[in-house]
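Colleague: Got a minute to walk me through this one? I'd like to go question by question.

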Amino acid sequence: MTFDRSIKIAPPSILSADFANFGQEIRAIEDQGADWVHVDVMDGHFVPNLTFGPPAVKAFRPHVKTFMDVHLMIAPPVDPPYIQAYADAGADMIVAHYEAGPHPHRTLQAIKATGTKAGISLNPGTPASVIEHLLPLCDMVLVMSVNPPGFGGQKFIPPSSVDKVRQVREMIGGDRDIHIQVDGGVDPTTIGPLVAAGGADCFVAGSAVFKGGSVDTPEVYGDNIRALRAAAAKRRGGQSEHNALRASAKSRHRSRAA
Ligand code: DX5
Ligand code: ZN
């Protein structure tokens with residue numbers, strides 16, 4: 001299968017989705033153009049919120065026709081063997097946090113060993129450079145852009161999230177097939193700079209997709225997804241624009257410091 005560099009909108013399974021109606025919610029967002037379904041797994045310890053165990057994820061699986069990435073916000077992810085349990089539940093990709101334990105390399109190996117795709121996630125305070133030696137095991141790098149991770153509806157953290165996307169893209173280089181996903185606070189105003197920053201291609205957008213809609217008015221989800229896609233498309237290839245913005249910010253900074 002060829003690597004898909006197109007813009008992907010991945011609404012999360014939590015948030016404004018109707019908890020009693022996940023099947024319908026998943027069908028509604030997929031019918032309305034969502035590319036992936038992003039499942040946020042939280043343990044109430046690594047992040048201050050609690051969500052889905054493997055049985056819940058297994059129950060989502062038959063409803064997901066696109067691609068299901070499972071974002072593990074749990075620590076430690078590899079012992080006990082939750083990774084195998086989420087793979088058995090039907091994840092297409094499992095993403096673990098760099099900060100979740102002392103052995104992120106082993107965690108990625110464990111994910112790969114299950115036959116699912118593997119991703120590594122970075123909290124806002126973690127620099128991009130720490131994952132350089134993990135990239136050969138990664139199909140995706142997830143840049144968290146809100147704090148604390150674990151809640152929807154928070155404000156996007158600029159400009160470090162944008163800078164981090166650019167740094168990750170530089171580390172990946174042009175010839176490795178690794179997605180960059182941004183999670184948290186993604187809306188039509190923030191998605192543009194992230195694309196322009198040089199290569200985020202997958203966007204987790206909860207509030208921005210579910211806003212104003214419901215399973216009874218799914219066309220609102222469609223409008224929201226199209227608005228995100230349009231804002232991203234406008235800025236794709238906007239690398240030079242981003243560089244120019246940063247250069248002018250740096251020169252302003254230099255002249256203030258002088
Ligand atoms: C944050 C979660 C996100 C979140 C996104 O920790 O991982 O998936 O629900 O929600 P919004 O788009 O509202 O920031
Ligand atoms: Zn997430």
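Colleague: Let's start with Trp-36: does its relative accessibility make it buried or exposed?

Modeller: Keep in mind that this is a predicted model. The cut-off for buried is under 20% relative accessible area. Trp-36 comes in at 6%, so the residue counts as buried.

Colleague: Which ring does Trp-36 form an aromatic pair with, and is that pair stacked, tilted or edge-to-face?

Modeller: The structure holds five aromatic pairs. In the one with Trp-36, the centres are 4.4 Å apart and the planes 40° from each other. Planes under 30 degrees apart would be stacked and over 60 edge-to-face, so 40° falls into the remaining class. The partner is Phe-67, and the pair is tilted.

Colleague: How many residues apart in sequence are the parts that this pair ties together?

Modeller: Trp-36 sits in the loop between helix H1 (22-31) and E2, whereas Phe-67 is in the loop between helix H2 (54-60) and strand E3 (68-73). Phe-67 is buried too, with a relative accessible area of 18%. Because the two rings sit in those two loops, the parts they tie together are apart in sequence by 31 residues.

Colleague: What about the rings of Phe-52 and Phe-60: what kind of pair are they?

Modeller: Both Phe-52 and Phe-60 are buried. Ring pairs also link them with Phe-22 into a cluster. The centres of the Phe-52 and Phe-60 rings are 5.1 Å apart and the planes stand at 85°, so this pair is edge-to-face.

Colleague: On to the metal. Which residues coordinate the zinc ion (ligand 2)?

Modeller: Going along the chain, the donors follow the spacing H-x1-D-x30-H-x111-D. They sit at 2.0 to 2.2 Å from the zinc ion. The donors are His-38 (NE2), Asp-40 (OD), His-71 (ND1) and Asp-183 (OD).

Colleague: And how many residues apart in sequence are the parts tied together by His-38 and Asp-183?

Modeller: His-38 lies in strand E2 (residues 37-42), and Asp-183 in strand E7 (residues 179-183). His-38 counts as buried because its relative accessibility is 0%, and Asp-183 also counts as buried, at 8%. Since the two sit in those strands, the parts they tie together are apart by 145 residues.

Colleague: Staying with E2, how many of its residues are buried?

Modeller: In a regular strand, side chains alternate between the two faces of the sheet. Val-37, Val-39 and Val-41 are buried on one side of E2, and His-38, Asp-40 and Met-42 on the other. With both faces covered, the count for E2 is six of six.

Colleague: Where does E2 fit in the sheet, and which strands are at the edges?

Modeller: Eight strands make an open sheet with parallel pairing, in the order E1-E8-E7-E6-E5-E4-E3-E2. The twist averages 25° from one strand to the next. E2 is joined to E3 by six bridges, with Val-37 opposite Met-68, while three bridges join E1 to strand E8 (residues 202-204). Each edge strand pairs on one side only, and these are strand E1 (8-10) and E2.

Colleague: Which elements are included in what covers the buried residues of H1?

Modeller: H1 is mostly covered, with seven of its 10 residues buried. Among them are Phe-22, Ile-26 and Ile-29. After the helix comes Gly-33, with a positive phi near 110°. What covers the buried residues includes E2, H2, helix H7 (207-210) and helix H8 (218-235).

Colleague: Last one: in the largest nonpolar core, which residues touch the most other members?

Modeller: That core has 63 residues, and H8 gives the most to it, with five. Another core, of 11 residues, lies apart from it and includes Ala-10 and Val-204. Leaving out residues up to four places away in sequence, Val-57 touches Val-39, Val-41, Phe-52, Met-68, Val-70, Tyr-86 and Ala-89. The residues touching the most other members of the largest core are Val-57, Val-70, Ile-191 and Phe-203.

Note on methods. Residues are numbered from 1 along each chain as its sequence is written. Chains are lettered from A and ligands numbered from 1 in the order in which they are written. This is a predicted model: local features need pLDDT of at least 70, side-chain atom pairs count only at pLDDT 80 or more; totals for chains, interfaces and linings use all residues. Side-chain values use heavy atoms; hydrogens and water are left out. Donors are N, O and S atoms within 2.8 Å of the metal (3.2 Å for Na, K and Ca); water is not among the atoms, so sites may look incomplete. Helices (H or I, at least four residues) and strands (E, at least two) are DSSP runs, numbered from the N terminus. Buried means under 20% relative accessible area, exposed over 50%, partly exposed in between (1.4 Å probe, protein chains only). Rings of Phe, Tyr and Trp (its six-membered ring) pair if their centres lie within 6.5 Å; planes under 30 degrees apart count as stacked, over 60 as edge-to-face and the rest as tilted. Contact means heavy atoms within 4.5 Å. A nonpolar core is a set of buried Ala, Val, Leu, Ile, Met, Phe, Trp, Tyr and Cys residues joined through side-chain atoms within 4.5 Å. Two strands pair if DSSP finds at least two bridges between them. Axes are lines fitted to C-alpha atoms, for helices over the stretch in contact, and angles run from 0 to 180 degrees between N-to-C directions.
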